[in-house]
Amino acid sequence: MVDIDEQIFSLLQDDGRASYSAMAHHIGVSRAAITARVDALMADGSLRVVSATHPDFLGLHSISHVSIQTDGPSDPVIEALSSWPAVVLVLGVGGIHNLVVEIRLPNQVDLYATIGRIRSLPGVMTVNTLVYVDVVKGIFMPRHALPENVKVDDVDLRLMRQLEQDGRMSYKDLAPLLGLSPSAVRNRVNYLLDNHVIRIGAAHNRRGRTRNVATGLGVNLRGDGASVIDVMAALPGIEFLARTIGRFDLVATLSADSAATLRQLIDRLRNVDDVVKIESWTHLEVFKERYEWPVPAAVLEAAV
């Protein structure tokens with residue numbers, strides 16, 4: 001059953017609204033079995049399928065990876081950071097640092113101020129920041145630029161808010177909430193997806209039933225590293241990959257079914273030409289993972 005779960009997660013990470021029939025055909029089991037399994041995973045919190053809005057649409061042009069070292073228990077710092085809307089991810093990790101967070105903000109000035117707030121938190125000893133240049137691979141990161149001529153109205157924004165809560169909500173259930181027919185809702189969802197305004201995918205809760213283990217990777221390169229990026233993007237288990245400015249040239253998340261498999265995959269990367277150094281940190285616990293940043297009132301007014 002775990003193998004089926006992992007296949008379900010993989011399919012829904014690629015297409016959060018994939019039909020039960022399509023998933024059943026791909027995995028090779030009955031539609032009833034897939035429906036029951038998805039319902040069970042969502043009921044126990046192991047799986048969430050949500051919509052994430054393109055950062056550019058929200059005016060979020062600064063995205064960063066921040067590693068934090070505390071000089072005592074990390075729980076108070078975790079609690080504080082988890083309450084900040086700009087912090088979309090809070091991870092407990094093993095390594096030199098004991099926390100990793102991802103921050104999304106309008107600009108670098110806001111980022112500098114936010115890093116200052118983090119340094120001021122009681123218990124924070126060191127803070128190390130990587131600024132994303134671009135994201136090569138990521139479940140809730142845009143794969144394409146936001147079209148300049150995209151048109152979104154108030155109904156679309158209300159629809160986006162609903163999908164932020166449940167990305168698999170049926171067109172039939174959405175229709176009365178928006179005052180539209182199910183077919184009209186379908187057309188609007190497809191427009192938002194086709195124009196990259198939103199992306200719908202599965203958030204993988206590692207507190208749930210999955211047996212996968214994950215590690216973060218910081219990679220230093222020789223030259224522009226283009227060939228390394230291609231190799232890493234195609235490597236099994238790479239969930240996230242970004243080019244960064246800071247102490248690493250690339251940062252990634254790598255998952256596998258065991259620590260032994262992780263070690264083998266990392267060793268493969270060490271042998272890739274132009275890889276100078278790899279640093280890793282174990283993902284221990286996810287405290288916050290909310291990439292579905294709510295559409296704020298300012299964007300509502302600007303977009304209508």
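In this predicted model, Asn 220 stands opposite Lys 277 in strand E10. A further pairing between strands E7 and E10 involves Gly 216, whose bridge partner in E10 is Trp 281. In total, seven bridges join E7 to E10, and the two strands run antiparallel.

Strand E10 also pairs with strand E3, which spans residues 87-94. Six bridges join E3 to E10, again with the strands running antiparallel. Here the bridge partner of Leu 91 is Val 286 in E10. These pairings belong to a closed barrel of eight strands, in the order E2-E4-E3-E10-E7-E9-E8-E5, with antiparallel pairing. From one strand to the next, the twist averages 35 degrees.

Helix H9 lies across five strands of this barrel: E5 (124-137), E7, E8 (238-245), E9 and E10. The direction of H9 makes an angle of about 155 degrees with E8. Helix H10 packs on the sheet as well, where it touches E7, E9 and E10. The directions of H10 and E9 make about 145 degrees.

Helix H10 covers residues 259-270 and therefore has 12 residues. From its first C-alpha to its last, H10 reaches 17 Å, close to the 16 Å expected at 1.5 Å a residue. The buried residues of H10, those under 20% relative accessible area, are Leu 262, Leu 265, Ile 266 and Leu 269. These four residues lie on the same side of H10 because they cover an arc of only 100 degrees around the axis. The buried residues of H10 pack against strand E7 (213-221), helix H9 (226-234), strand E9 (250-256) and strand E10 (275-289). The partners of this buried set thus include helix H9, which itself lies across E7, E9 and E10.

Helix H6 is formed by residues 154-165. H6 has 12 residues and reaches 17 Å from its first C-alpha to its last, close to the 16 Å expected at 1.5 Å a residue. The buried residues of H6 are Val 155, Asp 156, Leu 157, Leu 159, Met 160, Leu 163 and Glu 164. At the N-terminal end, H6 is capped by Asp 153, with a side-chain oxygen 3.1 Å from the backbone nitrogen of Val 155. Val 155, which takes part in this capping contact, is also one of the buried residues of H6.

Notes. Residues numbered from 1 in each chain as written. Predicted model: local features only at pLDDT ≥ 70, side-chain atom pairs only at ≥ 80, totals over all residues. Heavy atoms only, no water. Expected span 1.5 Å × (residues − 1). Buried < 20%, exposed > 50% of the residue type's maximum accessible area, 1.4 Å probe, protein only. Arc of directions from axis to C-beta. Contact = heavy atoms within 4.5 Å. Pairing = 2+ DSSP bridges. Axes fitted to C-alpha atoms, helices over the stretch in contact; angles between N-to-C directions. Polar contact = N/O pair within 3.5 Å; in protein donor to acceptor, adjacent residues only side chain to side chain.
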